[in-house]
Each structure stands twice: as structure tokens, then as C-alpha cells.
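Reader: I'm new to this structure and I'd like to learn how to read it. Could you walk me through it, feature by feature?

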Amino acid sequence: MNSRSAGPRSVDRALALLDAVADADRPVGAKALARTLGCALSTVYHLTGPLITRGLLVRTSEGYAPGPRVPALHRAYQRHHGLGAPVAGLLAQLRRASGAEAYFTAYRDGRITVVDTTAPVTDTAHPFAPGPEARAHATAHGKALLAGLPRALRRRYLDTHGMARFTDRTITSPELFEAELARVRDRGFAVSVGEADPAYTCLATALPGRRDGSLHALSVSLPTTDFRRRHGEVRAALARALPLLAEALPDGAAALTADAVPIPTLPES
């Protein structure tokens with residue numbers, strides 16, 4: 001009984017340790033990890049040993065850092081979502097055409113994740129980064145994906161992840177959010193003006209669903225002041241990229257046109 005319960009607890013602590021190292025801007029010392037995990041220093045050493053052996057961590061003179069196995073895991077995750085060189089190239093092309101950072105986002109098994117982005121990894125100030133999306137209800141890509149889910153799955157997602165308020169524009173009412181998603185389905189696109197970050201607007205549209213039940217969205221983001229000035233140009237670039245991306249993915253569909261992403265009417269600032 002004790003051995004069975006200790007196993008999952010150790011796994012959970014090891015994963016929490018990995019999260020702590022991944023979220024840090026620089027290597028993390030063992031004492032700092034022990035404080036974060038609320039465990040003994042000896043436990044940290046016990047957990048880090050296998051993680052180092054598997055290449056998930058490295059130990060430097062400053063502390064622990066992500067190991068050489070991590071990039072392979074990220075590539076594997078992208079590969080399972082059909083994100084190969086053609087898709088990455090299309091994101092870069094959309095970035096050049098729109099002058100806005102481009103994103104490929106996925107819903108799978110109750111989670112929404114930013115799979116890839118053109119934003120530089122060194123740009124830590126950028127509000128949207130690869131990884132789990134904790135603000136889906138406040139982002140255009142999150143709205144586009146949630147609008148495509150059956151109502152039961154959508155409610156389950158929102159019950160699990162909540163609807164936190166990030167700015168004074170964030171929709172936190174389930175009823176108002178359902179109305180917003182109805183507009184997304186009617187228009188064929190989603191827009192978020194300062195809902196996740198007060199200075200940024202994002203525009204997104206979903207791709208056709210895949211046989212495995214996953215959903216994907218293509219989106220762009222840029223400062224709201226720039227978007228108000230160039231929204232037609234940005235919308236047109238997204239519309240041109242959408243059918244190309246749909247064709248490049250497994251189960252791709254080419255029946256998408258520029259009319260799928262009309263120019264949004266933005267609220268007053």
C-alpha cells in the first residue's frame with residue numbers, strides 16, 4: 001500500500017521539479033528546488049538523479065537546467081500534431097506577410113497548447129509562448145478552438161481551467177462567453193482585443209477538425225495600436241495562409257478561401 005502510494009507521489013514531485021526548472025530564467029539550485037517543492041534536500045538529489053540520466057536535466061555549476069532530451073520531446077510533440085518543416089515554413093511566411101507573430105495552436109484531450117510560434121524564444125516579454133495555454137478564454141486562438149468543440153466538452157474545459165480575469169476586457173461570464181463563441185462560429189474567426197494582455201490583439205481561425213478528435217488554429221498577434229492601423233492587411237495575410245496550412249497538415253483540407261476570415265469590427269479603445 002505504501003509503496004504504491006509513494007510511486008505516484010515521487011513521479012508528481014519529479015514532474016514538479018522539471019516544471020520549476022523549465023519555468024526559471026536561469027539554472028536553479030538544489031536548495032531553491034527543495035523550497036519550491038516543500039521537500040528535503042535529499043529528496044531533490046534523489047529525484048534529479050534519474051532525470052539527469054535520462055537527459056531531462058543537466059547539473060551545472062549554477063544549478064539544474066533543462067537537459068538535451070527536452071528538444072527531442074518538443075519535436076515529438078510537434079510531430080504528433082503534424083507540425084513539420086512545411087508548417088513551420090508557412091508560419092514564418094505568415095510572419096513576413098503580416099508583420100505579426102504567428103501561432104499554431106492545438107486542442108487535444110482536454111488541453112489547449114501553443115504548439116509553435118514565430119516569436120523568438122529570447123523574447124521573454126512576449127505575452128504568448130509555446131506551451132500550455134492558461135488563458136484560452138481570453139485569446140483568439142483559444143476562442144477559435146473552444147467554439148469548435150461540442151458544448152459538453154467546452155463546458156468541461158472551462159470548469160477545469162476556469163475563466164480568470166486578466167484585463168478589464170476579459171470575458172469571465174459563461175453566458176457572455178457562449179454568446180461570444182456563437183459570434184465566432186458565425187463569422188469564421190475569433191478576435192481578442194486586450195483580453196489576455198492589455199496591449200495586444202490577436203486574430204485566429206480554426207482549421208477543419210481531424211479524425212483523431214484534435215482541433216487546430218492559426219493565429220497572429222501584434223500590438224493593438226498596430227492592429228487597428230493594419231487590420232485589413234493582417235486579416236488578408238491570415239486568410240491566404242489558412243488554406244496552405246490546412247493542405248500541409250495530415251487530413252488537410254483545401255476548401256478554405258480568403259472569405260473565411262472577414263475584417264473584424266474592433267471595439268473602441
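Author: Sure, and let's start with a word we'll need a lot. A residue is called buried when its relative accessible area is under 20%, exposed when that area is over 50%, and partly exposed in between. Keep in mind that this is a predicted model.

Reader: Good to know. What share of the residues of the protein count as buried?

Author: Of its 269 residues, 45% count as buried. The surface that the protein exposes comes to about 13900 Å², and carbon and sulfur atoms supply 54% of that.

Reader: And how many helices and strands should I look for?

Author: You'll find nine helices and eight strands in the protein. The chain also brings remote stretches together: among contacts between residues at least 6 apart in sequence, 58% join residues at least 24 apart.

Reader: Let's take the strands. In what order do they sit in the open sheet?

Author: The general idea first: strands of a sheet pair through backbone hydrogen bonds, either parallel or antiparallel. Here, six strands make an open sheet in the order β5-β4-β3-β8-β7-β6, and the pairing is antiparallel. At the edges are β5 (131–132) and β6 (190–193), each of which pairs on one side only.

Reader: Can we zoom in on one strand? Is β3 mostly covered or mostly open?

Author: Strand β3, residues 101–108, is mostly covered, with seven of its eight residues buried. On one side, seven bridges join β3 to the antiparallel strand β8 (residues 215–223). Strand β4 (residues 111–117) also pairs with β3 in the antiparallel sense, over six bridges.

Reader: Which residues stand opposite F104?

Author: F104 is a handy marker. Its opposite number in β8 is L218, while its bridge partner in β4 is D116.

Reader: What happens at the turn between β3 and β4?

Author: These two strands form a hairpin with two residues between them, and D109 takes a positive phi near 55° there. Moving on through the sheet, β4 pairs with β5 in the antiparallel sense over two bridges. In that pairing, V114 stands opposite G131 of β5.

Reader: Now a helix, please. How do I check the length of α8?

Author: Compare its span with the one expected at 1.5 Å a residue. Helix α8 has 14 residues and reaches 20 Å from its first C-alpha to its last, close to the 20 Å expected.

Reader: Which residues of α8 are buried?

Author: They are F177, E178, E180, L181 and V184. These residues lie on the same side of α8, because they cover an arc of only 160° around the axis. The buried residues pack against α6 (140–147), α7 and β6. Turn to the face away from that buried side and you meet the exposed residues E175, L176 and D186. Just after α8, G188 takes a positive phi of about 85°.

Reader: E178 is charged, so what does it pair with?

Author: Side chains of opposite charge can pair when their charged atoms come close. E178 forms a salt bridge with R151, where the closest N and O atoms are 3.1 Å apart. That pair links distant parts of the chain, with R151 in helix α7 (residues 151–161) and E178 in helix α8 (residues 174–187), 27 residues apart. E178 also meets R154 in a salt bridge, at 2.9 Å from N to O. R154 lies in α7 and E178 in α8, so this pair ties together parts that are 24 residues apart in sequence.

Reader: Why do we call E178 buried?

Author: Because its relative accessibility is 14%, and the cut-off for buried is under 20%. R154 counts as buried too, at 4%. R151 is partly exposed, with a relative accessible area of 45%.

Reader: How many salt bridges does the count come to?

Author: The count comes to 10. Another example is E233 with R230, at 3.0 Å from N to O. These two are three residues apart in helix α9 (residues 224–248), so they are separated by about one helical turn. R230 is buried at 15%, whereas E233 is partly exposed at 41%.

Reader: Which residues are linked in a network of salt bridges?

Author: That network links K143, E180, R183 and E195. You've already met E180, one of the buried residues of α8.

Notes: Residues numbered from 1 in each chain as written. Predicted model: local features only at pLDDT ≥ 70, side-chain atom pairs only at ≥ 80, totals over all residues. Heavy atoms only, no water. Buried < 20%, exposed > 50% of the residue type's maximum accessible area, 1.4 Å probe, protein only. Helix = DSSP H or I, 4+ residues; strand = E, 2+ residues; numbered from the N terminus. Pairing = 2+ DSSP bridges. Salt bridge = Lys/Arg side-chain N within 4 Å of Asp/Glu carboxyl O. Contact = heavy atoms within 4.5 Å. Areas by Shrake-Rupley, 256 points an atom, 1.4 Å probe, with all protein chains shown as cover. Expected span 1.5 Å × (residues − 1). Arc of directions from axis to C-beta.
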